Amino acid sequence: YFRLSSIWKTRADGTQSQAVCRTTELSGQGAWSPNGTIVFTGLSQPLRKVPASGGEPEPLSKLDEPELRHSWPQFLPDGDHFLYTSIGANASDSTVYLSSLSNPAIRKPLFKAHSRALFHNLGGDGGLIVYQGDVSMLAVPFSLSSFSVVGDPFSAGPSVAFNGQFGYGWTMSYYYRIRPLSNGGALVISGEDGRKDEFTYS
């Protein structure tokens, strides 16, 4: 997590917080590979990597026109390949890419999207990549052997993303988003049965 211009790690119980590296960004997104590498990005930067044990960040990607930033990295099960979204000035310029720690110079465009893309493992050869479409959440079949999209996208539920950010339950039975309020925010949970619960916080 980001705090005090640094990336920190902590135990699941919230103890033993430790700074991993310094960063110029006050906030951003990151992903932790099982091989011990953290990939992260700020609000207006390409991807960088750093050992989870600590060290100096190294560039992992570079921005090309008309890219503004590389966002929302997520590792695939092999711990080497990862997804990220290239955000452009216009939504039509934004694309979800596949790249890898072992060969970061090669990046493979998967599909157009202006949101986070999350891989949901269905076992065997692959699973689904879930992302925000124009009017709803979408899911597209993805193969882990060819590292490619192997089907057409289909609706995966109502639109719940805010600024491209969303999450889903491990069983894909619910989605959530954060809705900003003047005095805090709200966690909005939408279920497959149409139920919607909202929890405010300050």
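In the predicted model, strands E4 and E5 form a hairpin with four residues between them. Gly-36 of this hairpin adopts a positive phi near 95°. Strand E4 covers residues 29–32, and four bridges connect it to E5. The two strands run antiparallel. Within this pairing, Ala-31 has Val-39 of E5 as its bridge partner.

Strand E5 also pairs with E6, which spans residues 48–51. Four bridges join the two, again in an antiparallel arrangement. Here Val-39 stands opposite Lys-49 of E6. Val-39 thus appears in both pairings, as the partner of Ala-31 and opposite Lys-49. E5 and E6 make a hairpin as well, with six residues between the strands.

Strand E5 itself comprises residues 37–41 and is mostly covered. Five of its five residues are buried. In a regular strand, side chains alternate between the two faces of the sheet. E5 shows two sets of side chains. Thr-37, Val-39 and Thr-41 point one way, while Ile-38 and Phe-40 point the other way. Both sets are buried.

Thr-37 can be described further. This residue lies in E5. Its relative accessible area is 16%, so Thr-37 is classed as buried, the limit being under 20%. Beyond residues up to four places away in sequence, Thr-37 touches Ala-31, Trp-32, Lys-49, Val-50, Ala-52, Phe-75 and Leu-101. Two of these partners recur above: Ala-31 is bridged to Val-39, and Lys-49 lies opposite Val-39.

A further set of strands makes up an open sheet. Its four strands follow the order E8-E9-E10-E11, and the pairing is antiparallel. Strand E8 (67–75) and strand E11 (108–112) are the edge strands, each pairing on one side only. From one strand to the next, the twist averages 30°. Six bridges link E8 to E9, which covers residues 81–88. These two strands run antiparallel. Glu-67 has Gly-88 of E9 as its bridge partner.

Aromatic contacts were examined next. The structure contains five aromatic pairs. One of them joins Phe-82 and Tyr-84, with 6.1 Å from centre to centre. Their planes lie 40° apart, and the pair is tilted. Both Phe-82 and Tyr-84 are buried. A further pair consists of Phe-119 and Phe-142, with ring centres 6.1 Å apart. Their planes meet at 75°, so this pair is edge-to-face; that class requires an angle over 60 degrees. The Phe-119 and Phe-142 pair links distant parts of the chain, 23 residues apart. Phe-119 belongs to strand E12 (residues 117–121) and Phe-142 to strand E14 (residues 136–143). Phe-119 is buried, and Phe-142 is buried too.

Phe-82 and Tyr-84 also belong to an aromatic cluster, together with Phe-75 and Tyr-97. Phe-75 is among the residues touched by Thr-37. Tyr-97 carries a further interaction. The charged end of Arg-107 sits over the Tyr-97 ring, 4.2 Å from its centre.

Arg-107 also takes part in salt bridges. The count for the structure is two. In one, Asp-64 is joined to Arg-107, with the closest N and O atoms 3.7 Å apart. This pair connects distant parts of the chain, 43 residues apart. Asp-64 lies in the loop between E7 (58–59) and E8, and Arg-107 in the loop between E10 (95–100) and E11. Asp-64 has a relative accessibility of 35% and therefore counts as partly exposed. Arg-107, at 25% relative accessible area, is partly exposed as well.

Another salt bridge brings together the side chains of Glu-67 and Arg-107, at 2.8 Å from N to O. Glu-67 lies in E8 and Arg-107 in the loop between E10 and E11, so the contact ties together parts 40 residues apart in sequence. Glu-67 has a relative accessibility of 12% and therefore counts as buried. Asp-64, Glu-67 and Arg-107 are linked in a network of salt bridges. Two members of this network also feature elsewhere: Glu-67 is the bridge partner of Gly-88, and Arg-107 places its charged end over the ring of Tyr-97.

How values were computed:
Residues are numbered from 1 along each chain as its sequence is written. This is a predicted model: local features need pLDDT of at least 70, side-chain atom pairs count only at pLDDT 80 or more; totals for chains, interfaces and linings use all residues. Side-chain values use heavy atoms; hydrogens and water are left out. Buried means under 20% relative accessible area, exposed over 50%, partly exposed in between (1.4 Å probe, protein chains only). Two strands pair if DSSP finds at least two bridges between them. Contact means heavy atoms within 4.5 Å. Axes are lines fitted to C-alpha atoms, for helices over the stretch in contact, and angles run from 0 to 180 degrees between N-to-C directions. Rings of Phe, Tyr and Trp (its six-membered ring) pair if their centres lie within 6.5 Å; planes under 30 degrees apart count as stacked, over 60 as edge-to-face and the rest as tilted. A charge sits over a ring if NZ of Lys or CZ of Arg is within 6 Å of the ring centre and within 35 degrees of the ring normal. A salt bridge is a side-chain nitrogen of Lys or Arg within 4 Å of a carboxyl oxygen of Asp or Glu.
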